[in-house]
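Trainee: Could you take me through one part of this model up close? I'd like to look at a single residue and then see how it fits into the rest of the chain.

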Amino acid sequence: MRPEHVHDEPEYIERYVDSCIEADVEVTELMGNETFLYLNALGSNVTARVAPTSKTKAGDHVKVALVNSKIHIFDKETELAIVN
């Protein structure tokens with residue numbers, strides 16, 4: 001999952017309701033025209049690239065939407081892509 005496919009904007013959360021996760025925000029990094037959110041979701045690290053106007057800050061517990069058509073899953077043992 002690339003950071004640009006993880007969103008905290010309400011329109012994405014509404015659109016991708018079936019692929020939303022909750023996460024704790026560990027770090028935010030304002031990069032000018034975008035903000036990176038470094039998240040912990042159930043013990044896994046997730047990075048989101050969101051709008052610079054996002055109000056999310058370190059320590060927040062947030063819901064983020066994953067663009068489900070952009071999720072790639074790999075077999076841990078073989079490292080091969082798992083195809084639906």
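Mentor: Let's look closely at E9 and then step outward to the rest of the chain. Keep in mind that this is a predicted model.

Start by finding the spot. E9 sits in the loop that links strand 1 (6–7) to helix 1 (10–15). Now, is E9 paired with an opposite charge or left without a salt bridge? It's buried and has no salt bridge. The nearest side chain of opposite charge belongs to R49, and that one is 9.0 Å away. A salt bridge would need a side-chain nitrogen of Lys or Arg within 4 Å of a carboxyl oxygen, so R49 at 9.0 Å doesn't make one with E9. What does E9 touch, then? Leaving out residues up to four places away in sequence, E9 is in contact with V50 and A51. V50 is also where strand 4 (44–50) ends.

Follow strand 4 back and you reach another residue to pause at. L42 lies in the loop between strand 3 (35–41) and strand 4. Its phi is positive, about 55°, even though L42 isn't a glycine. Is L42 buried or exposed? Its relative accessibility is 88%, and the cut-off for exposed is over 50%, so L42 counts as exposed.

E79 has a positive phi too, about 65°, and E79 isn't a glycine either. You'll find E79 in the segment after strand 5 (61–66). With 64% relative accessibility, E79 counts as exposed, whereas E9 is buried.

Stay in that segment for a moment, because I73 is found there as well. Together with M1, I71 and I82, I73 makes a nonpolar surface patch of about 340 Å².

Now zoom out. The chain has one helix and five strands, and from the N terminus on they run β-α-β-β-β-β. The C-alpha trace spans about 40 × 25 × 25 Å along its principal axes. Of the 84 residues, 32% are buried, and E9 is one of the buried ones. Among contacts with a separation of 6 or more, 56% are between residues 24 or more positions apart. The accessible surface is about 6,100 Å², and 50% of that belongs to carbon and sulfur atoms. As for charge, the chain carries 8 positive and 15 negative charges, and their mean positions are 4 Å apart.

Key
Residues are numbered from 1 along each chain as its sequence is written. This is a predicted model: local features need pLDDT of at least 70, side-chain atom pairs count only at pLDDT 80 or more; totals for chains, interfaces and linings use all residues. Side-chain values use heavy atoms; hydrogens and water are left out. Helices (H or I, at least four residues) and strands (E, at least two) are DSSP runs, numbered from the N terminus. Buried means under 20% relative accessible area, exposed over 50%, partly exposed in between (1.4 Å probe, protein chains only). Lys and Arg count as positive and Asp and Glu as negative; His and the chain ends are not counted. Contact means heavy atoms within 4.5 Å. Patches are made of residues with over 30% relative accessible area and no salt bridge: like charges are joined within 9 Å, nonpolar side chains (Val, Leu, Ile, Met, Phe, Trp, Tyr) within 5 Å. Accessible areas come from the Shrake-Rupley method with a 1.4 Å probe; for residues, only the protein chains shown count as cover. The place of a charge is taken as NZ of Lys, CZ of Arg, CG of Asp or CD of Glu.
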